[in-house]
Protein chains: 2
Amino acid sequence: MVRAGLTAERVTAVAAELADEVGFDRVTMSQVARRLGVKDASLYAHVRNLNDLRGRIALLAADEKTIRIAEATAGRSGKDALVAYANAWRAYAHEHPGRYAATQTPIEIAPELAADAPGPRRAVGLTYGVLRGYGLAEPDLTDAVRLLRSTFHGFVALEAAGGFAHARTPQETWIRALDALHSLLENWPSAREGAPS
Amino acid sequence: MVRAGLTAERVTAVAAELADEVGFDRVTMSQVARRLGVKDASLYAHVRNLNDLRGRIALLAADEKTIRIAEATAGRSGKDALVAYANAWRAYAHEHPGRYAATQTPIEIAPELAADAPGPRRAVGLTYGVLRGYGLAEPDLTDAVRLLRSTFHGFVALEAAGGFAHARTPQETWIRALDALHSLLENWPSAREGAPS
DNA sequence: GCTTTAAACTAGGGGCATTAGGTTGTCAAT
DNA sequence: ATTGACAACCTAATGCCCCTAGTTTAAAGC
C-alpha cells in the first residue's frame with residue numbers, strides 16, 4: 001500500500017479539474033477517488049462530505065477568478081479597466097467552466113473554510129476600484145457594481161447554456177455590450193431622469 | 001391496483017412542483033414516483049429517463065415564462081414594456097426557482113419534444129417587440145436583446161445564489177438597473193462613440 | 001364475455017454517499 | 001534499532017437512486 005499523500009488541497013484540486021472536464025454537478029466522490037488511486041472512503045479523512053468538497057471547489061474558484069481579475073486590471077483605469085475586468089471574468093469562465101459553475105451554486109460553506117478565503121472580500125474591492133473613474137457615489141455605486149456583475153455573469157451563463165443563436169458571434173456582442181456599459185456608466189442616470197418614453 | 005392515470009404531462013407537472021420545492025438538481029425519479037403513488041419503474045412508460053424528464057421541465061418552464069412575459073407586456077411600449085418584461089421575468093424566477101433553474105441548465109432535449117414547444121421561438125419575438133420603440137437596427141438590435149437577457153438572467157441568478165449583500169435591497173437595485181438599461185437603450189452607442197476615457 | 005393494449009408491478013444489477021471499524025505506513029522519542 | 005502513536009488508507013455494509021427485463025392486470029373496443 002503506497003501512501004498517496006492526500007490533503008484536502010490535493011483532493012480539491014483534482015475535484016476542480018474533474019469539474020472542468022465533466023461539469024460541476026457531475027463531480028462525485030467515487031470519480032475523485034478513482035483519479036487519486038484511492039478508495040472512496042479514504043476521501044472522508046480529508047473532506048467532510050460531498051457538499052464540503054463542493055464548497056471547497058467554489059472557494060478555490062472564487063480565489064482564482066479574483067486573482068485573474070486583479071492581475072488583469074492592475075494599473076488600468078477607466079474603460080481600459082472595465083474591459084480588462086470583464087474579459088478576465090469571461091476568460092476564467094471559459095477556461096474553467098466547472099469551477100465557474102461552482103461559484104454560482106448556492107452551497108452552504110463551512111464558516112471555518114470561508115474565514116481564510118480572501119477571494120470574495122477582495123473581489124468586491126476590485127469591482128469598486130474599476131468604477132472609481134466614473135465618479136459615482138453611493139448608492140449608485142452599489143447599484144452599478146451589481147449591474148456589472150449581473151451582466152457579466154448572465155452573459156457567460158447564457159453563452160455556456162447555448163443561449164445565443166449562431167447568427168452573430170457572442171464575441172461581437174460582447175464587445176458592443178462593453179461599449180454600452182461604459183457609455184452607461186459615463187452617463188449614469190443618477191436621480192429622476194427616466195422620463196417614460 | 002388502482003390505475004394512477006399517468007401521462008408524460010402529469011409526471012412533468014409533478015416533477016416541476018418538486019423542482020420548485022427542493023431544487024431542480026434534486027429532482028429524482030424515486031421522489032416523483034413516490035408523489036404519484038407509483039413505483040419508480042412505472043415512470044419509464046411515460047418518460048424516457050431522468051434526463052428526458054429534466055428536458056420536459058425545462059420546456060414547460062420556458063413556455064410558462066414566455067406566456068407570463070407576453071401577458072405582462074401586451075399593450076405596452078417603451079419603458080413601460082421594458083419594465084413589464086423585466087418584472088415578469090424576475091417574478092417567474094422567484095415564484096418557480098426550480099423550473100427557472102431548469103431553463104438554465106444545458107440539457108440535450110429530444111428534438112421531437114422541442115418541435116412542438118412554442119416557448120423559445122415566441123420568446124425571441126417578444127424581446128424584439130419590447131425593443132421596437134427604441135429605434136435600433138441590426139446588428140445593434142441583436143446585441144441589445146442579448147444584453148437585456150444577460151442582465152435579467154444574471155441578476156436573478158446572483159440574487160438566488162445570495163450574491164447581493166444585505167446593505168441595499170435587491171429590489172432597490174433592480175429599479176435603478178431598469179432605469180439604467182432604459183437610458184442605455186435610448187442612447188445606444190451605435191457606432192464609434194466609445195472614446196477611451 | 002373476449003381480446004388487445006398498455007399501465008403498472010416485481011425483481012435485480014450497478015453506481016454513489018456515507019459510516020464504522022480494522023490495518024498499516026510513517027515519524028518522533030526513546 | 002525499537003516502540004508507540006497518529007494518521008492514512010482499507011474493507012464491509014447500509015441505503016438511496018437509475019434503469020432494464022419480464023410479468024400481471026385494468027380498461028377499452030369488439
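Contact here means heavy atoms within 4.5 Å. On that footing, 42 residues of chain B are in contact with 43 residues of chain A. Keep in mind that this is a predicted model. Besides the interface between the two chains, there's a DNA strand C, and 22 residues surround it. Here's the rundown, topic by topic.

**Where chains A and B meet**

- Together, chain B and chain A bury about 3,400 Å², and carbon and sulfur atoms carry 57% of that.
- Why quote an area at all? Because the size of an interface is often given as the accessible area lost when the parts come together.
- Four salt bridges are counted between chain B and chain A.
- One of the four salt bridges pairs A:Arg176 with B:Asp140, with 3.1 Å between the closest N and O atoms.
- On top of that, the count of residue pairs in polar contact between chain B and chain A comes to 17, with both partners at pLDDT 80 or more.
- Looking at the chain B side, the elements giving two or more residues to the surface that touches chain A are α5 (78-95), α9 (140-160) and α10 (170-186).
- Helix α9(B) supplies the largest share of that side, at 14 residues.
- Sorted by class, the side of chain B that touches chain A holds 18 nonpolar, 15 polar and nine charged residues.

**Around DNA strand C**

- Among the 22 residues around DNA strand C, the closest are A:Leu50, B:Arg3, B:Ala4, B:Gly5 and B:Ser42.
- Which parts of the strand do the meeting? Of the atoms of DNA strand C that come within 4 Å of the protein, 76% belong to sugar and phosphate.
- B:Gly5 puts a backbone N or O atom 2.6 Å from a phosphate oxygen of DNA strand C.
- B:Lys39 also uses a backbone N or O atom, which sits 2.9 Å from a phosphate oxygen of the strand.
- For B:His46 it's an N or O atom in the side chain, at 3.4 Å from a phosphate oxygen of DNA strand C.
- The elements that give two or more residues to the surface near DNA strand C are α2 (29-35) of chain A and α3 (40-43) of chain B.
- Of the elements, α2(A) gives the most to this surface, with four residues.
- The class breakdown for the surface near DNA strand C reads 10 nonpolar, seven polar and five charged residues.

**A buried histidine in α9(B)**

- B:His153 is found in helix α9 of chain B, the element behind the largest share of the side that touches chain A.
- Is B:His153 buried or exposed? It counts as buried because its relative accessible area is 3%, and the cut-off for buried is under 20%.
- The side chain of B:His153 makes a polar contact with the side chain of B:Tyr100, at 2.8 Å.
- Setting aside neighbours within four places in sequence, B:His153 is in contact with A:Gly154, A:Ala157 and A:Leu158 from chain A, plus B:Trp89, B:Tyr100 and B:Gln104 from chain B.

**Two more buried spots**

- B:Thr66 is in helix α4 of chain B, residues 50-73, and it's buried with a relative accessible area of 6%.
- How far apart in space are B:Thr66 and B:Ala88? They are 9.2 Å apart, C-alpha to C-alpha, with their places 22 residues apart in sequence.
- A:Ala177 lies in helix α9 of chain A, residues 170-186, and is buried too, with a relative accessible area of 7%.
- The C-alpha atoms of A:Ala177 and A:Thr151 are separated by 9.1 Å, and the two residues are 26 apart along the chain.

**Cis peptide bonds**

- In chain A, a cis peptide bond joins A:Glu138 and A:Pro139, with omega about 0 degrees.
- A:Pro139 sits in the loop between α7 (119-131) and α8 (140-160) of chain A.
- In chain B, the peptide bond from B:Glu138 to B:Pro139 is cis, with omega near 0 degrees.
- B:Pro139 has its place in the loop between α8 (119-131) and α9 of chain B.

**Chain A overall**

- Chain A has nine helices and zero strands.
- Of the 197 residues in chain A, 50% are buried.
- Taking contacts in chain A between residues at least 6 apart in sequence, 69% join residues at least 24 apart.

Definitions and conventions
Residues numbered from 1 in each chain as written. Chains lettered and ligands numbered in written order. Predicted model: local features only at pLDDT ≥ 70, side-chain atom pairs only at ≥ 80, totals over all residues. Heavy atoms only, no water. Buried area = accessible area lost by both parts, 1.4 Å probe. Salt bridge = Lys/Arg side-chain N within 4 Å of Asp/Glu carboxyl O. Polar contact = N/O pair within 3.5 Å; in protein donor to acceptor, adjacent residues only side chain to side chain. Nonpolar A, V, L, I, M, F, W, Y, C, P; charged D, E, K, R; others polar. Near = heavy atom within 4 Å. Buried < 20%, exposed > 50% of the residue type's maximum accessible area, 1.4 Å probe, protein only.
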